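Here's a friendly walk through one protein model, starting with charged side chains and moving on to the nonpolar ones. Have a look at it first, then read on.

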Amino acid sequence: MLYRELGKRLRERRDALGKKQEDVAKYVGLERTSVTNIEKGVQKPPLHLLYRLCECLDVEVVEILPTLASVKKDERVTVEFAGKRERVLPKTLEVLEKHMQGGESK
C-alpha cells in the first residue's frame, strides 16, 4: 500500500508538470520502465532516489510521502474458519465462500 500510494503521488506530480516518464528517467539515471514500476508501486525506490525524483519533479519529499493514515488502511475482514477467527482480504473471503458453496474460483 505504501509504495502504491507513493507511486501514485509521483505520477500525479509528473502529470501535473507535463513531464514524460522518459524525461524523469533520464534525469535520475533510470530506465523508463523503472519509472513505470515505481509509479505502479512495484519497484521500491531507495531514499536517495526518492530525493532525486522529487528534485526532478520540483516538489519536497514531505509533499510526496503518503500519510500514515493512508497507508494503514486495512481492507481485511474478520471471518471464523474451522473454529478460529482470521483476518483475510476480501478476495480471499470471496474464494473461500465459492469453495464452500462448491463453486469454481478464479
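## A pair to start with

Which side chain meets Glu 94 in a salt bridge? It's Lys 98, with 3.6 Å from N to O. Keep in mind as you look around that this is a predicted model.

Why can these two be paired up along the chain? Glu 94 and Lys 98 both sit in helix α7 (residues 90-100), and because they are four residues apart there, about one helical turn separates them. Glu 94 is partly exposed, at 34% relative accessible area, and Lys 98 is partly exposed too, at 31%.

## Another pair, another helix

The structure has six salt bridges, so let's visit a few more of them. In one, Glu 5 pairs with Arg 9, and their closest N and O atoms are 3.1 Å apart. These two belong to helix α1 (residues 2-17), where a gap of four residues puts them about one helical turn from each other.

Are the two partners buried or partly exposed? Glu 5 counts as buried, since its relative accessibility of 16% falls under the 20% cut-off. Arg 9, at 21%, is partly exposed.

## A small network

Not every salt bridge here stands alone: Arg 14, Asp 15 and Glu 39 are linked in a network of them. Within it, the side chains of Asp 15 and Arg 14 meet at 3.4 Å, N to O.

The surroundings of that pair are worth a glance. Arg 14 is buried, with 8% relative accessibility, whereas Asp 15 is partly exposed, at 46%. As a general point, side chains of opposite charge can pair when their charged atoms come close.

## The nonpolar core

Now for the greasy part. In soluble globular proteins, nonpolar side chains tend to be buried together. Here the largest nonpolar core has 16 residues, and the ones touching the most other members are Leu 10, Val 24, Leu 50, Leu 53, Cys 54 and Ile 64. Two or more core residues come from each of α1, α2 (21-28), α3 (32-40), α4 (47-56) and α5 (61-64). The top contributor is α4, which gives five residues.

Ile 64 makes a handy landmark. What does Ile 64 touch, leaving aside its neighbours within four places in sequence? Its contacts are Leu 6, Arg 9, Leu 10, Arg 13, Cys 54 and Val 59. You've already met Arg 9 as the salt-bridge partner of Glu 5, while Leu 10 and Cys 54 appear among the core residues that touch the most other members.

Notes
Residues are numbered from 1 along each chain as its sequence is written. This is a predicted model: local features need pLDDT of at least 70, side-chain atom pairs count only at pLDDT 80 or more; totals for chains, interfaces and linings use all residues. Side-chain values use heavy atoms; hydrogens and water are left out. A salt bridge is a side-chain nitrogen of Lys or Arg within 4 Å of a carboxyl oxygen of Asp or Glu. Buried means under 20% relative accessible area, exposed over 50%, partly exposed in between (1.4 Å probe, protein chains only). A nonpolar core is a set of buried Ala, Val, Leu, Ile, Met, Phe, Trp, Tyr and Cys residues joined through side-chain atoms within 4.5 Å. Contact means heavy atoms within 4.5 Å.
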